[in-house]
Amino acid sequence: METKPIVTSHGNQVLFSSLHSALLQGLPREPTEWRRSYGRPPKTLKLEASFVPFDEDILPQDKDKTLVSRPYFHIFWTDCDLDTYKQSVKEELLEWHTALKNKNNPDWLIAVVVNDESKIKSKLLPRSSVIDKVKNDFCSKQPDRCIVLNEPLKLDSKSQESWNGFLGRLRGLMLQAFSRHLSKYEENMRSLREKRNEPGWDFVNFFLVQEELGFMFEMLGLHDDALIQYDELDALFSQFVLTQATTGKKAAWMSKFMKDCTSWAGLSLRKAINLDKRDKVKHNEATLLDFRNYLFSRQCALLFLLEKPWEVAQRAVNFLHQTIQEVNTLKVVMPEAALDCWVFLSCMEILQTCEKHTDSSQMEAYSLYTANLRDYTRRKLYSIGEMCGLTPDNTPSSEQLTMVLDLTSGMGIEEDSEEDYSGPNVSHTPRPRDKLREALSSNDTFQKIFLELSELTMGTFKHIGRFRSARLIGKDLADFYLRLGEAQKAENFLVDAMKSYQREGWHALADGALLELAKCQKLQDTSFTLKLSSLFHIAEVTVLTPKVIVDQPLEVEVILVNNTPSDIQCDNLKTSLKKTNKLPKLLSQKTAVFRQASNSSAKEAVPNFNPVAQQITSILNVQAHYEGAPQRPNTAGIVCINTHEVLRRADSSGRGPKLTDTLKDYDDFTNYASCDDVVIKPGENKLIFVQKNTSAGHYKLGQLWVKMRGMNFIKYLEADQFFLVHHDEPSCEIIPVSGDKIVSGIQQWVELTIDPGSFILKEGDELTYLTSDGLTVCQEEEETTLRVSKITELGHAVFRILLFHDIYTVDRNAEVRLESDVFPDPVCCSVMFSCPFHVTHKLHTASNRKYLQILVHGNTREDFTLVTPNLTVQSPDVELLSLNKANQELVVNGNMNVSYMWQLKSNTKNVIQTNLCFTTTFHSILDQENKSRQLSYECNVENFMTLYTVKTIVSAQPEMGTCKVGAKATLRIHIRSHEQDDEDADTSLSYQVLQDSSIWALFGNTSGVVQLCEDMTAEITLGVVPLVSGLVPHPPVQLLKNQADVWFKQGDNSCNSKNDSDIPMSNPEKNLVTTRTLPFSHGQVYYSSIAQQVHVLPDAGDSN
């Protein structure tokens, strides 16, 4: 409801317009407590108002009984000065005040806005301001009816304080006005209610009076109080109907609601207030259904505003039942099935609207009440369809088609373009009227919609845990499907219903459901599944093969006793095999046997049921009985052998079994052992069940299934009979015949052993092999098959073959793949080939001379002989001079290495990188081919030319003569460049003395930058003190090269790195230059004193 309390404004309308938006926003900003009379609890509400210009014509008289449309409060606005007030404003204010006084309206307020603090009160001339004049002229007895606003458009604290004070007073005065009007209105309404038994009293008039009070509460946001008004009207109307039904006294106004009903459009919740229906009620044109629709729609609208859609669903069923009862009590004439149409349309409208207003947090409470509502909807639709000939096995007659047309026309036609109360998305949902018209259009659409509603209702009942109600709906669906001829769909519902009846102990209902299930299965021409106990029993179960391999036959022996006097032809017998995680205690060499007494039938245990006392059995155990010879008996029959159990007296206070064993779930017979076409003779029959193709795992025997003709019999074995089906994958292994490793580069005898696992290899079987790249199996005529010639006691196949793998300088992993018809998948074997050698190289320097050493390490225990070493270089500027003996044979193994040496001579100084290739010929006693093979090793050396020589000299002080411990000595570092004529040679170098604090103590700059002189030499002097005596090595020195990194600035914040050639020289003072040190390549610096030592004498005071 969008209406708000009306407040009029008068006076300076320009001033009011400037404050209008602030007034609309500020008034509801803070909640206000409303204390009412008669001890009613206080209410907290946020006041809103609709401001209109003042007009004397809109002022209500005392006799006017309206609440919503009347103005409740009046405000006069002025910001004039004293002269203007005297000239015109006072007269205007007097007319306004007089008009309110003539209407006996005390709810007004005068707001004086001042823009200067000096105008509030003059210190020189007291009582001479506009405020004082207004208070003296109009508010002498009510000073609170005049309020001062101090510059309300400003944002300072004083103005805000003044504005908040005005809003607070306005809220309080408005609440006083509401209380005054409501008190008078409620008093008049109570007096009108007390006259309800007097002649001439009209309920419709009273309804409109109390509804006006409800509108007032709704306008103030008090939806609870508004709902109470409609609940009281609902109760009052129901009381009148009940009084007429019990006493027979009919009020005069009641005849208005007893006229014939020609419209059953159903409830409409699309608008908060249905004005069309309200006008009908107001003008006494509404039927009973129209009045009830309007009243309940108003209650629903308020419940939606209270965010209680679940309560709408809760009230809906009572509302529908009560309305139907009132229609029957008042004998309202309606066409056949019209009332059912109204119920269906109303239910669908309530459900659709509640779904729009329900969130996930209220779904549980919502479903709790909508379940019954959906079931009521479903039953009413079925009733309509039955009367219209739309149910299965029916064809609509001409009278029924006419009824459909009459019902369709009475549903009403509403404009689809009308605004939806429940939201803009409702137009996407079919209207209830369209849904019912579609259902009545044909048998197929009726059946489709009915089944949809039934499935949805059943799911709702299951969601809230009411499974009994869901089973009852399923029973109705089963009857519906049987009438449709779809027995297969009906069977599941009948089984569920039968289980539910038996669980609850409703045996008569269970038997009825069982009969219907039999009819259903008869229609399907399917087999029956019954218990095996009455005809057969199991005497013994033996697992003959407790441990088998995959694909080997599994055998189970079952001794089955036939209790009938004749042969029984069985089409098939199965025992289910269930996988289990339980580790059985058997799997030994001893066969496990389960025995059961042959003169009784053990009853299967009921799951989750532990009876305190022995229960009376519901099973009759029978066996054949005859007198005379078996071939020619005198009498024959069936005798019950457990009458003492069946006829035992039952405890009257006890409860029967909750669940019979017929309700147990059947096993999954995916894995089973079976025997086919068996004739079971009277007495004991030994049966062998065989199963193949069982996957690996532990298994347990489950159920016995006997199939004969159209019947299936189930028996629970209940014996802990386990067996193991295992499966081992085939594998293979390759080991060398001689030696500790399989070596690459030679032909070597190896032994290939194949373990078939769970499979069986036989002599004569062939295996095809495939090898990875570089690996070769050396056989004659390039064959790729191996023939099994002998099988070991363990079932393994062993082959002796020659393998060859290309040589590499590192170990390589190769693979042999074997394929055979015996194995379902190829068998892969991984082989590690070890390189017989490990080759390294090392560069040596002696001043300007360079030497390359090649070291060959052995990796095997067996000897390998190396002959004819050779080193080649790809660069024409480098010459090689061999320092090795010619035609020398050297032996290498795991404990013996070989070293070769060459001198490198360069014709130029600018040799950056040189690629070298070392080759040698080798042979070994492991090589079955006994021929020479070649080893190749590639390497490279970079920047190997000597650039600088560093020499260190340690000398004692002249007065000391020799170095002594603790005495200071001198360390001289001589640096000489070998690039005497090179102008691009680096002359700025860095050095670093690597100090060993346990041997030397250094003084001076142990690191820094040194500049070479013109003769390309430099010398650095440091002070050193030896800390130990004896032959002490010189302190090690490292020479480093300097590299400049130049950073130039861009703007004020960022820098970018540039090479030397990219340095911008236009403004070099702004560039940032940093230097870092880098080591020389190996061989570029020759440290001539690296192995020199100095003799240090001990101190005279040292005991050593």
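Helices and strands are taken here as DSSP runs, of at least four residues for helices (H or I) and at least two for strands (E), numbered from the N terminus. On that basis the chain holds 18 helices and 49 strands. The model is a predicted one. Of the chain's 1104 residues, 43% count as buried. The points below are grouped by topic.

**Confidence in the model**

- The chain has a mean pLDDT of 82, and 85% of its residues reach 70 or more.
- Residues 415–427 have pLDDT below 50, and beyond near neighbours in sequence this stretch has 24 contacts in the model.
- Over residues 585–615 the pLDDT also stays under 50, and the model shows 63 contacts beyond four places in sequence for these residues.

**The chain as a whole**

- When contacts between residues at least 6 apart in sequence are considered, 72% join residues at least 24 apart.
- The area exposed by the chain is about 59,100 Å², of which carbon and sulfur atoms supply 48%.

**Helix α3 and its surroundings**

- Helix α3 spans residues 130–138, and its buried residues include Val-130, Ile-131, Val-134 and Phe-138.
- Viewed down the axis of α3, the buried residues fall within an arc of 100 degrees, so they line one face of the helix.
- The elements against which these buried residues pack are α2 (82–102), β6 (108–114) and β7 (146–150).

**A nonpolar surface patch**

- Leu-544, Ile-688 and Val-690 make up a nonpolar patch on the surface, and together they have about 200 Å² of accessible area.
- Within this patch, Ile-688 belongs to strand β17, which covers residues 683–691.
- The relative accessible area of Ile-688 is 35%, and a residue between the limits of 20% and 50% is classed as partly exposed.

**Salt bridges**

- Side chains of opposite charge can pair when their charged atoms come close.
- The count of salt bridges comes to 31 when a side-chain nitrogen of Lys or Arg must lie within 4 Å of a carboxyl oxygen of Asp or Glu.
- One of these bridges joins Lys-43 and Asp-225, with an N to O distance of 3.7 Å.
- This pair links distant parts of the chain, as Lys-43 is in strand β3 (residues 43–45) and Asp-225 is in helix α6 (residues 223–247), 182 residues apart.
- Lys-43 is partly exposed at a relative accessible area of 23%, whereas Asp-225 is buried at 12%.
- Another bridge pairs Glu-232 with Arg-193, whose closest N and O atoms are 3.8 Å apart.
- Glu-232 is in helix α6 and Arg-193 is in helix α4 (residues 157–194), so this bridge ties together parts that are 39 residues apart in sequence.
- Both partners are partly exposed, Glu-232 with 37% relative accessibility and Arg-193 with 22%.
- Glu-326 and Arg-292 also meet through their side chains in a salt bridge, at 2.6 Å from N to O.
- The bridge ties together parts that are 34 residues apart in sequence, because Glu-326 lies in helix α9 (residues 309–329) and Arg-292 in helix α8 (residues 288–305).
- Glu-326 and Arg-292 are both buried.
- Asp-375, Arg-378, Arg-379 and Asp-476 are joined into one network by salt bridges that share partners.

**Residues in loops**

- Pro-42 is found in the loop between β2 (32–34) and β3, and is partly exposed with a relative accessibility of 39%.
- Apart from neighbours within four places in sequence, Pro-42 is in contact with Glu-33, Trp-34 and Arg-35.
- Most residues other than glycine have a negative phi.
- Lys-331, although not a glycine, has a positive phi of about 55 degrees.
- Lys-331 is placed in the loop between α9 and α10 (338–357), and its relative accessibility of 69% makes it exposed.
- Asn-943 is another residue other than glycine with a positive phi, near 45 degrees.
- The loop that holds Asn-943 runs between β36 (933–942) and β37 (948–956), and Asn-943 is partly exposed there, with a relative accessible area of 25%.

Definitions and conventions:
Residues are numbered from 1 along each chain as its sequence is written. This is a predicted model: local features need pLDDT of at least 70, side-chain atom pairs count only at pLDDT 80 or more; totals for chains, interfaces and linings use all residues. Side-chain values use heavy atoms; hydrogens and water are left out. pLDDT is the predictor's confidence in each residue, from 0 to 100. Contact means heavy atoms within 4.5 Å. Buried means under 20% relative accessible area, exposed over 50%, partly exposed in between (1.4 Å probe, protein chains only). The arc is that of the directions from the helix axis to the C-beta atoms. Patches are made of residues with over 30% relative accessible area and no salt bridge: like charges are joined within 9 Å, nonpolar side chains (Val, Leu, Ile, Met, Phe, Trp, Tyr) within 5 Å. Accessible areas come from the Shrake-Rupley method with a 1.4 Å probe; for residues, only the protein chains shown count as cover.
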